[in-house]
Amino acid sequence: MRRLVMRTGIRWKLSIAIAAVSTLVAIVLSLVVHNAARISMLDTSRDVLDDRVKYAQRFYEATKRPPFEAKIGDPRLPPKLKKVVLTGQRATYLDDDNGGAPDVWAAVPLSNGKVLSIHARFEDRYAVLTALDRALVVSSASVVPVGCALGVLIGGQLSRRLRKAATAAGKITEGDTGIRIRDAIGGRVRDETDDLARAVDAMADALQRRLEAERRVTADIAHELRTPVTGLLTAAELLPPGRPTELVRNRAQAMRTLVEDVLEVSRLDSAAERAELQEVSLGEFVSRRVRTIAPDATVLVVQDAYAHTDPRRLERIIGNLLANAARHGRAPVEVTIDGRMLRVRDHGPGFPEELLADGPSRFRTGSTDRAGNGHGLGLTIAAGQARVLGARLTFRNAGPEGGATGAGADHGGAGDGEAPDGGTTGTGAIAVLWLPESAPTDTGSIPVITLPG
């Protein structure tokens, strides 16, 4: 089962976190302020009633009558308070169970054994507490949008820096070695993103130096081998006819082809290749090249189109795809032109899993079938030439009933599992070249995509 994964940006995560923390802090502070204010008011009410009952006691002892607000032997006097006062102590009592302003009592024993008490509610004072609670609620509610706005502001800035870093890293991956993440994110603020950018830039520089060293070594070796291989071919032409001579010539020619392919890969890796663009009719151009390279292959032009491309490099891509299909696949080999899309399909075992997972890999020799030890330089060169043209080259396998395995499907034309006559043709490998709508302005702009089977 595929687990559902929700993807949210840092901006919204920070906003939610700040809003949640702000809400929690506002609630806690509101409760603390409310409780502190209420306790202070209750203590003040007790003190006020205590002062009043002391004054009432002195007044009664002097005049033998209680003041207008005091009562002697009040039947409503709380039993707990009365019990304490009868022991000869002055006391106050607070009844806070009615939900509003609390009932405050103060009582004192008299010399004649009676109890003098005063009762008050202080509703006007506790109205201030209600207003305070209302102000706390309003202020707490205003903290949440302010926290969200602050989170969006801070998270947006961090998110923009990370997006710029990701875009720059993507350009580096596509071959633009002049891009540096630290320059791309810019800004005056120095934070962890700058440390990350510097680390990635240092890693990119180290990898670039290593790749450049490997490319240079490969090119130097190929250049050094070109002269002796050419001499070997020349010497082979002087040998007397026979089977040994034929074997020597074939092996020498294969070595020469390998050297030329290695040199071509080295040039493509240097990102110095530029396309010499011409306007060509894809239907006529591809049909003529296929008849020359692979006469047994079938060509279907679903929709012709003109493309501004390099004919020599396009022919190289077509030739490598057809050679790969002939070497590792099975007949029939079908070539379909649908607008600026070119599809080459065979009916063999399909591309190996490592090619679909990692893309074409150089210096891996092919075998009698695609499930063997790998592939050679043909697809690597095709992918490099596609990058020079600004094109997109995809690899995938057809399903057992003719449907392509992997994500997506090609647009228009015969389906991946249909022959030109409409019949189902079985399994096979499918290579699709998508030429760009406009002429390429730089190399390495579109990566090779592999769709796993």
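These are legends for several close-up views of a predicted model.

**View 1. How confident the prediction is along the chain.**
Before zooming in, it helps to know how far to trust what you see. The protein averages a pLDDT of 76, and 79% of the residues score at least 70. Confidence is highest in β9, at 91, and lowest in strand β13 (residues 449–450), where the mean is 44. Two stretches deserve some caution. Over residues 406–426 pLDDT stays under 50, and the model has 52 contacts beyond four places in sequence for them. Residues 442–453 also stay under 50, with 43 such contacts in the model.

**View 2. The largest nonpolar core, with 34 residues.**
Look for L321, F395 and L433 here: they have the most contacts inside this core. Several elements give two or more residues to the core: the helices α7 (282–293), α8 (311–328), α9 (353–358) and α10, along with the strands β8 (334–338), β9 (341–345), β10 (392–398) and β12 (428–434). The largest share comes from α8, with 6 residues. Apart from this core lies another one, of 20 residues, and V48, A101, A106 and L116 are among them. As a bit of background, nonpolar side chains in soluble globular proteins tend to be buried together.

**View 3. Helix α10 (residues 378–388), mostly covered.**
How many of the 11 residues in this helix are buried? The count is 9. Reading along α10, the buried ones are L379, T380, I381, A382, A383, G384, Q385, A386 and V388. This helix is also one of the elements giving two or more residues to the core in View 2. After α10 comes G390, and its phi is positive, near 70 degrees.

**View 4. A nonpolar patch on the surface, made by V21, V25 and L29.**
Not every nonpolar side chain is tucked away. V21, V25 and L29 make a surface patch of about 260 Å². L29 belongs to helix α1, which runs over residues 10–63. Is L29 buried or exposed? It counts as exposed because its relative accessibility is 51%, and the cut-off for exposed is over 50%.

**View 5. D51 and K54, a salt bridge within helix α1.**
Stay on α1 and move along to D51. This residue forms a salt bridge with K54, and the closest N and O atoms are 3.8 Å apart. Both partners lie in helix α1, 3 residues apart, which is about one turn of the helix. In general, an α-helix has 3.6 residues a turn, so residues three or four places apart point the same way. D51 is partly exposed, with a relative accessible area of 46%, and K54 is partly exposed too, at 27%. The pair is also part of something wider: salt bridges that share partners join D50, D51, K54 and R90 into one network.

**View 6. R52 and E69, a link between distant parts of the chain.**
Next along α1 is R52, which forms a salt bridge with E69; the closest N and O atoms are 3.8 Å apart. R52 sits in helix α1 and E69 in the loop between α1 and β1, 17 residues apart. R52 counts as partly exposed, at 31% relative accessibility, and E69 counts as partly exposed at 31% as well. Strand β1 covers residues 70–72. What does E69 touch, leaving out residues up to four places away in sequence? The answer is R52, S117 and I118. H119 is worth finding as well: the C-alpha atoms of E69 and H119 are separated by 7.9 Å, although these residues are 50 apart along the chain.

**View 7. E315 and R289, a salt bridge between two helices.**
The last view goes back to helices that take part in the core of View 2. E315 forms a salt bridge with R289, with the closest N and O atoms 3.3 Å apart. E315 lies in helix α8 and R289 in helix α7, so the pair ties together parts that are 26 residues apart in sequence. The partners differ in how covered they are: E315 is partly exposed, with a relative accessible area of 32%, while R289 counts as buried, at 18%. The cut-off for buried is under 20%. Across the model, the salt bridges come to 9.

Note on methods: Residues are numbered from 1 along each chain as its sequence is written. This is a predicted model: local features need pLDDT of at least 70, side-chain atom pairs count only at pLDDT 80 or more; totals for chains, interfaces and linings use all residues. Side-chain values use heavy atoms; hydrogens and water are left out. Patches are made of residues with over 30% relative accessible area and no salt bridge: like charges are joined within 9 Å, nonpolar side chains (Val, Leu, Ile, Met, Phe, Trp, Tyr) within 5 Å. Accessible areas come from the Shrake-Rupley method with a 1.4 Å probe; for residues, only the protein chains shown count as cover. A salt bridge is a side-chain nitrogen of Lys or Arg within 4 Å of a carboxyl oxygen of Asp or Glu. Helices (H or I, at least four residues) and strands (E, at least two) are DSSP runs, numbered from the N terminus. Buried means under 20% relative accessible area, exposed over 50%, partly exposed in between (1.4 Å probe, protein chains only). A nonpolar core is a set of buried Ala, Val, Leu, Ile, Met, Phe, Trp, Tyr and Cys residues joined through side-chain atoms within 4.5 Å. pLDDT is the predictor's confidence in each residue, from 0 to 100. Contact means heavy atoms within 4.5 Å.
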